[in-house]
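Colleague: I have a model open and want to learn how to read it. Can you take me through it, one feature at a time?

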Amino acid sequence: MSFIADPINFIARWLTAVLTGWGASASVTQLILFIISAGLLAMGPLVFTILLIWVERKIGGRFQDRLGPNRLGPWGIFQPIADMLKIFTKEYITPIGADKVPFNLAPILAVAAVLAVWAVIPLASTVYGVNLNVGAVYILAVGALGELGFIMAGLGSNNKYAMLGGFRVVANLISYEVPMVVILLIPIMFSGSLGMNDIASSQTTWNVFLAPLAALIFFITQIAENARAPFDLIEADSELVAGFNVEYSGLKFGFFYVADFLHSATAALVFSTLFLGGWRGPGAETYPVLGFVYLVIKSAIIYFAILHIRFTIPRFRIDQMMNFNWKFLTPLSLVVLVATAVLDKLVPIGQTLLRVGVMWAANLLIWLIADQIVKRVSKRQAVPEVAQPRPLARPPQVKTNDATGGEA
Amino acid sequence: MKLIFLLTALVTVGSAIATVSARKILHAALWLVLTLLGVAVLFALLEASFFAVVQVLVYIGAISILIIFAVMLSRSSLVDEGSQTHRRWWAVAIVLLAVVIAWVAALSLWPNWSTVSAALPAGAGDLATLGKQLVDPNGYLLPFELSSILLVAALVGAIYTAVEKKAGQA
Amino acid sequence: MIPLSWYLILAAVVMFIGLYGVLTRKNLIGALMGIELMLNSVNINLVAFWRYLHAGKPEMDGLVFVAMVFVVAAAETAVGLALIISAYRRRKSVDANDMDLLKG
């Protein structure tokens, strides 16, 4: 295996050789390599976030017909670094009556919960943090730790707006966990394993072709878990002050900021691993570095989709959000799970085209039925008309035949 | 290995004591989270990694957050000043301490008391085997189905009990 | 390696700390936390017994029971907290001493 094909393992082997050459025992070498790789895996995403913030602001600017950051460096690429320096030098303010330990622990938990997901994602066929045999459940579990961070931030701040924000975010996250867990069973079912490595490597046909509706639901729940628009009412500036992080300043706020941006990239990474085949692609087995490139490309596309939704769709109300989850997504995901499980057993594994065709047909059918039900129900619960339509203003010299003064 | 166990045990027992003795009920809930995390580490030490992860997911992600919600919903009546415990707590403590010592002494007569674990054989603790046993009619199918009924009953019962009845409704 | 007794002692200690919490806490939610501690100590015992005495055998009784305990704990917390919230609505208190409606 040459350096070009698999650089990470090449460096690891070289380091092992050097360290044993210096007289270190095998276990010490192993420990040093573990520490180095764990440090890289933790620091890498954090540094990567600097780029992510710039990307998000730049794309957001373009969506809203602005330039985005454009002063510092070429295309404003150093803007996040300047922001970072500013946030480092800000004063920490601890509100009176705050619960010190939860208040200070919360930002750390929020970032750690996002970073911990990276430990089980296979970045290439040979490069991964750890091949945990319960990786998929592990992702859910560290998500739960993140929730704990948010609720601690809300409770520790001694501020009723922070507390309301904390409750909202946790209610949101817990609710959307239900369809997410149900849908997560589908890739697990296809691969027959809970390990992320097995799930990625077993996808000779990408799961998105076998379970398109499941992929769509998972995508929606990932956006909701991330509390991005249209599910961003937890930090709705016009209603709550800023959500659970209102009392935070300086680097402590920066932690939440980083966790937020990193979370959407992580969601894209998890989605591509579960449904888009992860590192799989032509030539990825022989040249693991290619697998990494494929994963980055897939994640970037999903990330762009998340950004596109964030900047184009208006915000839900909380009752709409809860109704959407409990009355639409949860039943739909249960139906999809059962249908997929039955069809998976009925259609033999070998015939890929037949499997894909049957799955798409079933998913389309489920979608059409769900759509009809939603239309019927929403027609029955029609929004009551509270006022007459307002006549449009028009200059007096324009004559139209339209009594309401519609546009000429 | 022993060091990790001792550290975890210390954290678990310490935070358990803090859970039952913390003056603010909210702090007690946070200490409970630390205890549950310690138990998860113990599960990982016992090579039951699935249950370690599920412990974090179910206990920390669901149960303790539910408890924190309940604490906040009933906050206005909480008097954090003054004793949070029954007035004869010392009697309970003495009796329970005696019981725990007697209990451990009685257990130490048991022949398996100081068994040391053998290396885990390959395939033991396999989740597929566990899953098959759960849905095997000769295995645990009945308890499995009963537990799902229990969960649905708890869900319906909890919602019915906790929901605020509006005026005019039964 | 760690002998089985260490886990048993730890579980016993956690069990009785939980019992102490149930018996002495005035706050009902605090009592519920004590019950959680007791259930957890049972889980430690079950997993330890599986690991030390049953790991080679095909039946996984210990782990199945742990799964059952998880289910029971979740149901118990949900219903218990719902009852506490409901009682709080009526009596504006979560103190066990105030729940004395049946006292003559």
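Colleague: Start with contacts inside chain B. Of those between residues at least 6 apart in sequence, what percentage join residues at least 24 apart?

Modeller: One caution before the number: this is a predicted model. Sort the contacts by how far apart the partners sit in sequence. In chain B, 46% of the contacts between residues at least 6 apart join residues at least 24 apart.

Colleague: What does the secondary structure of chain B come to?

Modeller: Count the elements, then read their order. Chain B has 6 helices and 0 strands. From the N terminus, the order is α-α-α-α-α-α.

Colleague: And burial? What percentage of chain B counts as buried?

Modeller: Here you count neighbours around each residue. Chain B has 170 residues, and 32% of them count as buried.

Colleague: Now the chains together. Which pair of chains has the most contacts?

Modeller: List the pairs that touch, then rank them. There are 2 such pairs, and chains B and C make the most contacts. Chains A and C do not touch, and their nearest C-alpha atoms are 14 Å apart.

Colleague: How many residues of chain C and chain B are in contact?

Modeller: Interface size can be put in several ways. Accessible area lost when the parts come together is often given. Here we count residues: 63 from chain C meet 72 from chain B. On the chain C side, helix 1 (4-24), helix 2 and helix 3 each give two or more residues. Helix 3 of chain C gives the most, with 20 residues.

Colleague: What is the chemistry of that side of chain C, by class?

Modeller: Split the residues by class. The side of chain C that touches chain B has 45 nonpolar, 12 polar and 6 charged residues.

Colleague: How many residues does the contact of chains A and B take from each?

Modeller: Same method. Chain A gives 16 residues and chain B gives 14. On chain B, helix 2 (25-45) and helix 3 (49-73) each supply two or more. Helix 3 of chain B gives the most, with 10 residues. That side of chain B has 12 nonpolar, 2 polar and no charged residues.

Colleague: Last one: helix packing. At what angle do helix 2 and helix 3 of chain C cross?

Modeller: Read distance and angle together. In chain C, the axes of helix 2 (residues 28-54) and helix 3 (residues 61-91) come within 9 Å and cross at roughly 175°. An angle over 145 degrees counts as roughly antiparallel, so helix 2 of chain C is roughly antiparallel to helix 3 of chain C. The residues of their contact divide into 17 nonpolar, 5 polar and 3 charged.

Definitions and conventions:
Residues numbered from 1 in each chain as written. Chains lettered and ligands numbered in written order. Predicted model: local features only at pLDDT ≥ 70, side-chain atom pairs only at ≥ 80, totals over all residues. Axes fitted to C-alpha atoms, helices over the stretch in contact; angles between N-to-C directions. Helix = DSSP H or I, 4+ residues; strand = E, 2+ residues; numbered from the N terminus. Parallel < 35°, antiparallel > 145°, perpendicular 65-115°, else oblique. Nonpolar A, V, L, I, M, F, W, Y, C, P; charged D, E, K, R; others polar. Contact = placed C-beta atoms within 7 Å. Buried ≥ 20, exposed ≤ 12 C-beta atoms within 10 Å, placed from the backbone.
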